[in-house]
Amino acid sequence: MKKLIETYGTALAGLALFVFLAIFANNFLSTANLFNVLKQVSFLSILAFGFTFALITSELDLAFANLCSLSAVVIGFLISSDVAWPVAVAAGIATGLFGGLLNGFLVTVLKVPSLISTLGTASIANGLAFMITGGVAFVGRWDQNFLYLGRGKIGSVPVIILFTLAILAVVLVLSTQTRLGVHLQATGENEEAARRSGIDTRKAKMIGLALSGLGAGVTAMFLVANLSSAAPQMAGDFMLNGIAATLLGMTMFTPAKPNILGTFVGALIIVMLSNGLVLLGAQYYIQDIMLGIIIIVSVAVSASVLKRAAFAL
Amino acid sequence: MPVKISTRNIFKNYGAVEALKGVSVDVHEGEIHAICGDNGAGKSTFIKILAGVEQPDRGEIVVDGKPVHFDSPHASLTAGIATIHQDLAVAPEMTIYQNIFMGAELTRNVLGLRLLDKPAMRRAAVGYMAQLNPSITDMNAKVNELSGGQRQAVAISRALRWNADTVILDEPTAALGVRETEQVLDLVRSLKASGKTVILISHAMQDVAAVADRISILRTGKNQIDLEGGDLTADNLSHYILSGTGDRFH
């Protein structure tokens, strides 16, 4: 019984939240609102998947949100400069991936703890984003095929939700059903044991942080296509939300371990909560307070990996 | 028996500390070769070098007549040498079967994708564990739920899984009770019976006297005395380690 609560307790609480909002929050169950929630979940969960992979290897990535903003302005800049949109998107995704690889290099080769190195790259990414835009946003009437990625629908279902489910399936299989997935986990659980078992732990950490950067790049593509604008700091709010989704995810399914399914459900709960608070007429600042509480309580409940990552200084 | 692993004049310094000052040991194939010595004699450093964890400053390692260079633990493993370190190096939060197959997971083809074959790993893990500790049957149990002896069993199972022909055991009985020690010594004997070469590092002279075919005693970074096992007692061995001379003790 205790084990069931440990494993599914948070997910059940999420279900209870859904029922509560369905009853008490006007419009929560409207199709438009539910799709809106799922769209927000899409951005948040793809970003948080990346953070989760880094955390699985016991490394923190505090740069993913700023990397996402930087990737977004790269895409916006190139499209505004009449570069073909697929090229712009590729360059944006490559920007995120490169940022992640840079984090990996700093952590595994220069041995700068990830808490510090990603804080540094976060600041660099932020500065570069402002440099590229000159402080303003790129907006425009962009190619319809590009905008379809963020706004298109199949029937009444936004395509971005379908993309997200496909990405969820891929990263779920990658993290739980492949050798790479177990190697990332073993590296995070006991680096020395993994190394002695023949696992290239530097490569594992590199891949974990690179996936985090890749998630930032992919999210940037969807964000820009959805908003048809690109501004520095546009993904700033996703920083704490993404961390909170991952940490909340650590309280379910495989307790105390960062896991993809947990992150996805964590993202669902956090977006539902934000959305519900707005619908219930709560003040805007309540969301930040809730987020802080979620982060602290999640770690208090499920600790180990995160504490190891944060205190590896 | 032919020589399986030979070290020639291995030197290793840590800053100003000379940990090894010319260790030359011949380990014969299919034998249990014990490495003994007091604290600080260089046993751990010597094992780390054979395991590829540390690299020697000078000297040569020869496996099956060929000089080798172990620049990583993986290089040592692929040369057929599996090392079980004293700290076991298990991941406590992972399951028994995940620990046994760490780094060498079994896969199967699913729609063209190479995915983990968890049922096969669980089955094989039961087989490995049964040789050592048949009481453990739930391969999904986390290692941190096991006793010290059971963890040792997991670590040894991992070495068996590597199909190594040489197994190095670093103080395998240090944290174990009497019954579990006997189980581990039985395993050492069964490793030998299955044709494997075993290098055993131990403080427990009784254990060494009970199983070793050959014994090298390290003293201040050198192998001072090389002995054949068989009729040695624990007291004999303690005398050699303390006196540092090869004179027979009566």
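Good morning, colleagues. Chain B exposes about 10,900 Å², and carbon and sulfur atoms supply 48% of that area. I should state at once that this is a predicted model, and that the values I present are computed from it.

Let me turn to the overall architecture. Chain B contains 8 helices and 12 strands. Its radius of gyration is 19 Å, close to the 18 Å given by the globule rule for 250 residues, so chain B is as compact as a globular protein of that length. Along its principal axes, the C-alpha trace of chain B spans about 65 × 40 × 35 Å.

I come next to the interior. Of the 250 residues in chain B, 53% count as buried. As for how the chain contacts itself, consider the contacts between residues at least 6 apart in sequence: 63% of these join residues at least 24 apart.

A word on charge. Chain B carries 25 positive and 29 negative charges, and the mean positions of the two groups lie 6 Å apart.

Finally, I should like to examine one residue, Asn99(B). It is found in helix α3 of chain B, which covers residues 96-100. Is Asn99(B) buried or exposed? Its relative accessibility is 0%, and because the cut-off for buried is under 20%, Asn99(B) counts as buried. Which residues does Asn99(B) contact, leaving aside its neighbours within four places in sequence? They are Val90(B), Ala91(B), Met94(B), Val143(B), Val154(B), Arg158(B) and Arg161(B). Asn99(B), then, is a buried residue within helix α3, in contact with Val143(B) and Arg161(B), among others.

Thank you for your attention.

Note on methods. Residues are numbered from 1 along each chain as its sequence is written. Chains are lettered from A and ligands numbered from 1 in the order in which they are written. This is a predicted model: local features need pLDDT of at least 70, side-chain atom pairs count only at pLDDT 80 or more; totals for chains, interfaces and linings use all residues. Side-chain values use heavy atoms; hydrogens and water are left out. Helices (H or I, at least four residues) and strands (E, at least two) are DSSP runs, numbered from the N terminus. The radius of gyration is taken over C-alpha atoms; the globule rule is 2.2 Å times the number of residues to the power 0.38. Buried means under 20% relative accessible area, exposed over 50%, partly exposed in between (1.4 Å probe, protein chains only). Contact means heavy atoms within 4.5 Å. Accessible areas come from the Shrake-Rupley method with a 1.4 Å probe; for residues, only the protein chains shown count as cover. Lys and Arg count as positive and Asp and Glu as negative; His and the chain ends are not counted. The place of a charge is taken as NZ of Lys, CZ of Arg, CG of Asp or CD of Glu.
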